[in-house]
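Below is a short set of questions and answers for someone meeting this structure for the first time. Each answer sets a computed value against the definition behind the word in use.

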Amino acid sequence: MRIGILGAGQLGQMLALSGYPLGQRFVFLDTTGNPSADIGQTLVDKNNARLDEFLSQVDVVSYEFEHLPVELVRQIEQHKPVYPSSRALQVCQNRGLEKALFTQLAIPTPEYHLVDSQESLQQAVTALTTKHQKPVVIKTVTEGYDGKGQAVLKNDASQAVSEVWQKIGGRELIVEAFIDFVREVSIIAVRSQTGEVRFYPMAENHHVDGILRYSFAPLPNLNAQLQAQAEGYIQALLTELDYVGVLTLELFQQKNGELMANEMAPRVHNSGHWTQNGAATSQFENHLRAVAGLPLGSTAARLPTCMVNIIGKNGDVQQLLSIEGLHLHLYGKEERAGRKLGHLNLVAANSEALLAKVETVAKRLPQAPLPKFSFVE
Ligand code: AMP
């Protein structure tokens, strides 16, 4: 089967690496001019002139990033099956639609207001800070990722509101109540073309400056009820969207234990990279199985696993690989501040041994922050 992928970054590369053993072959359509997948065939198409060529070479289409024109995906759907659908893409790339869907499906999410002017921004900040006595988080409705296009305000002082509008405004923004979370978690699920659904165990995610640094799964203190609650939320989304492929839901866990949905991604996700070495079937393989109409694989965790992102600078490969149970996944990118260059997965027999390895790695990786997990005193 020939799989067409819109986008040609590291997620596409890892999809292809998982798909080759299934007999799949890959054609990437890159509209940025900066493809990095470096596997299969890549069509660089900055001027939207090679779509026919792309479509003639593939049986089914998926995508590896969500900042794509929905119109392009709708156009492709006229010719080839696209999984996940253009509707899923449309919802996931717009925080307003995403939040409305959470609300429609009774999935708890921070209280929010959509605004499109400095005046309405001011009103929303005043309303939420007064009601919750907490800061607010302001985000662009579209385009934002890895904490870009975001601001936090502690109160409704008009000068600060005006500065935020100057910096990220001039377009639709969402203002959310700040959640005092105990930890950030994510759940990843996969749904097949026949509607079969499998869930991975939740991961705890440690972000610094909006960028994911560590994902730990399965959680040592995960209770079955919490996992079931997250599964219920993501199942509702999968059913409503008639979804095919891997879906990721990022959530905040509050002090009282309850979960609140933050956002979702219609694709394989950085917080699921641990599955490459820690689960029976990786998120990449399961996504491809779903897209290709194949039976899904087991999502069971094999051993406690921690994914560590390699950002900005590569570590010393000799030193890293001398750590037992370390699996390296480098994307073949040039070093650049803030750039995701690769990740590594650490696997150990138990959580204590795993934490010790994570600490060793954090010391050996240039610029890695100290790992912090909610379950460590
Ligand atoms: P996002 O792009 O929505 O994933 O936001 C990036 C990061 O900002 C999240 O991973 C959180 O650490 C933080 N954040 C986003 N929204 C909120 C919120 N409503 N309350 C507290 N922290 C937030």
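Q: What makes the approach of Ile-179 to the ligand a polar contact?
A: A polar backbone atom of Ile-179 lies 2.8 Å from a nitrogen atom of the ligand, and a polar contact is a pair of N or O atoms within 3.5 Å; within protein, one must be able to donate a hydrogen and the other to accept it, and residues adjacent in sequence count only if both atoms are side-chain atoms. The pair at Ile-179 therefore qualifies, with 2.8 Å set against the limit of 3.5 Å. The model is predicted, so local features need pLDDT of at least 70 and side-chain atom pairs count only at pLDDT 80 or more, while totals for chains, interfaces and linings use all residues. Residues are numbered from 1 along each chain as its sequence is written, and side-chain values use heavy atoms, with hydrogens and water left out.

Q: Which side chains have a polar atom close to an oxygen atom of the ligand?
A: Lys-139 places a polar side-chain atom 2.7 Å from a ligand oxygen, and Glu-184 does so at 2.6 Å. Taken alone the ligand exposes 470 Å², of which the protein buries 90%; these areas come from the Shrake-Rupley method with a 1.4 Å probe, and for residues only the protein chains shown count as cover.

Q: How many residues surround the ligand, and which elements supply at least two each?
A: The shell has 14 residues, the closest being Lys-139, Gln-150, Ile-179, Glu-184 and Glu-263, where a residue is near a molecule or strand if one of its heavy atoms lies within 4 Å of it. At least two shell residues come from each of β6, β8, β9 (181-191) and β14 (259-265).

Q: How do you know that β6 and β8 pair?
A: Two strands pair if DSSP finds at least two bridges between them, and β6 (residues 136-140) and β8 (residues 173-177) are joined by five, in the antiparallel sense, so the requirement is met. Val-137 has Glu-176 of β8 as its bridge partner. Strands here are DSSP runs (E, at least two residues), as are helices (H or I, at least four), numbered from the N terminus.

Q: What makes β5 and β7 edge strands?
A: In the open, antiparallel sheet ordered β5-β8-β6-β7, β5 (112-115) and β7 (150-153) each pair on one side only.

Q: How is helix α5 placed against this sheet?
A: Helix α5 (residues 95-104) lies across β5, β6, β7 and β8, running at about 145° to β5. Contact means heavy atoms within 4.5 Å, and the angle, on a scale from 0 to 180 degrees, is taken between N-to-C directions of axes fitted to C-alpha atoms, for helices over the stretch in contact. At the start of α5, a side-chain oxygen of Asn-94 comes within 2.8 Å of the backbone nitrogen of Gly-96.

Q: Why is strand β12 called mostly covered?
A: Buried means under 20% relative accessible area, exposed over 50%, and partly exposed in between (1.4 Å probe, protein chains only). In β12 (residues 211-217), seven of its seven residues are buried, so the strand is described as mostly covered. β12 pairs in the antiparallel sense with β11 (residues 203-208) over five bridges, and with β15 (residues 305-311) over four.
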